[in-house]
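Thanks for coming, everyone. I'll keep this brief. Please have a look at the model on the screen.

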Amino acid sequence: MALSNWPEESNQSITNNFIMKKIRIFTIAALMMGFVSCQKEENNDQRNGETPAPTKQEILASKTWLLTGMTISPAMQGVSDIFPMVDACQKDNTWKFTNGSSKTLLIDEGSNMCRDSKQQTTTTWNLNDAGDKLTIDKYDYSMKDLSAGGFKLEEEWVEDGKHYTITSVYSPR
């Protein structure tokens, strides 16, 4: 380096070093922020050691369910509560959903079996991602109010051209 260019080259060198330090600091800060934000998300997911809330499929598969109510809307011949009309042999039937790769539904007739029925029947089921449509075998039902305390299934029914909604209420056994 020639003495005549010394202050210019020195200033340029200082400026380049200053810029490089800024870039390094910015890069390190960006990496640290990314690391901290990832850790924050993990902490939120873990909810300070608490287990995450169960999915709707997990809720459905976590209990054995029993039909505890049934209504029809609009009322048919002045009657909306049709649960008393359900055969006694069907009122003790239980449903047990199995979650996993093969979603099966085990329907158990209970101790009061209906005539010409098997003690247990197995079929398939699926709950859509939104948790509002349950398919059992090939039949679709609207899923309502699914929680650990129970759920409701709604199905549409047409009689003499009139549309009805039948709501079945299931509670944990």
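How do the residues of the lining of the largest pocket divide into nonpolar, polar and charged? Eleven are nonpolar, five are polar and three are charged. Keep in mind that this is a predicted model.

Let me stay with that pocket. Its volume is about 470 Å³. The lining of the largest pocket comprises 19 residues. Nearest the centre lie N93, W95, I107, Y141 and Y170. Which strands supply at least two residues each to that lining? They are β1, β5, β7, β8 and β9. For orientation on screen, β7 runs over 139-147, β8 over 150-159 and β9 over 162-172.

Now the overall layout. The protein has three helices and nine strands. Along the sequence, the order is α-α-β-β-α-β-β-β-β-β-β-β. There are 173 residues in the protein, and 25% of them are buried. The accessible surface comes to about 12400 Å². Carbon and sulfur atoms account for 53% of that surface. What about sequence separation in the contacts? Take the contacts between residues at least 6 apart in sequence: 43% of these join residues at least 24 apart.

Next, the cysteines. How many disulfides does the count come to? The count is one. The disulfide joins C89 to C114, with an S to S distance of 1.9 Å. The pair links distant parts of the chain, 25 residues apart. C89 sits in helix α3, residues 88-91. C114 sits in the loop between β4, residues 104-108, and β5, residues 120-127. The link of C89 and C114 is right-handed, with 95 degrees about the S-S bond. Are these two cysteines, C89 and C114, buried or exposed? Both C89 and C114 are buried.

On to backbone geometry. As a general reminder, most residues other than glycine have a negative phi, and most peptide bonds are trans. Here are some departures from that.

Start in strand β1. The peptide bond from S73 to P74 is cis, and its omega is near -5 degrees. P74 belongs to strand β1. So does A75, in the strand that spans residues 64-76. Why does A75 count as partly exposed? Because its relative accessibility is 38%, and partly exposed runs between the 20% and 50% cut-offs. What does A75 touch, once neighbours within four places in sequence are set aside? A75 is in contact with S80 and Y164. The Y164 contact spans 89 residues in sequence, yet A75 and Y164 are 8.3 Å apart, C-alpha to C-alpha.

Then the positive phi values. D116 is not a glycine, yet its phi is positive, about 60 degrees. D116 is in the loop between β4 and β5, the loop that also holds C114. D116 counts as exposed because its relative accessibility is 80%. D145 is a residue other than glycine too, with a positive phi near 55 degrees. D145 is in strand β7, one of the strands that supply at least two residues to the pocket lining. D145 is exposed, at a relative accessible area of 55%.

To recap. The largest pocket has a lining of 19 residues. The disulfide joins C89 to C114. The cis peptide bond runs from S73 to P74. D116 and D145 each have a positive phi. That's it from me.

Key. Residues numbered from 1 in each chain as written. Predicted model: local features only at pLDDT ≥ 70, side-chain atom pairs only at ≥ 80, totals over all residues. Heavy atoms only, no water. Helix = DSSP H or I, 4+ residues; strand = E, 2+ residues; numbered from the N terminus. Buried < 20%, exposed > 50% of the residue type's maximum accessible area, 1.4 Å probe, protein only. Contact = heavy atoms within 4.5 Å. Areas by Shrake-Rupley, 256 points an atom, 1.4 Å probe, with all protein chains shown as cover. Disulfide = S-S within 2.5 Å. 1 Å grid on protein atoms, 1.4 Å probe; cavity = no way out; pocket = protein on both sides within 12 Å on 5 of 7 lines; lining within 4 Å. Points joined across faces, edges and corners; volume = space filled by probe spheres on them. Nonpolar A, V, L, I, M, F, W, Y, C, P; charged D, E, K, R; others polar.
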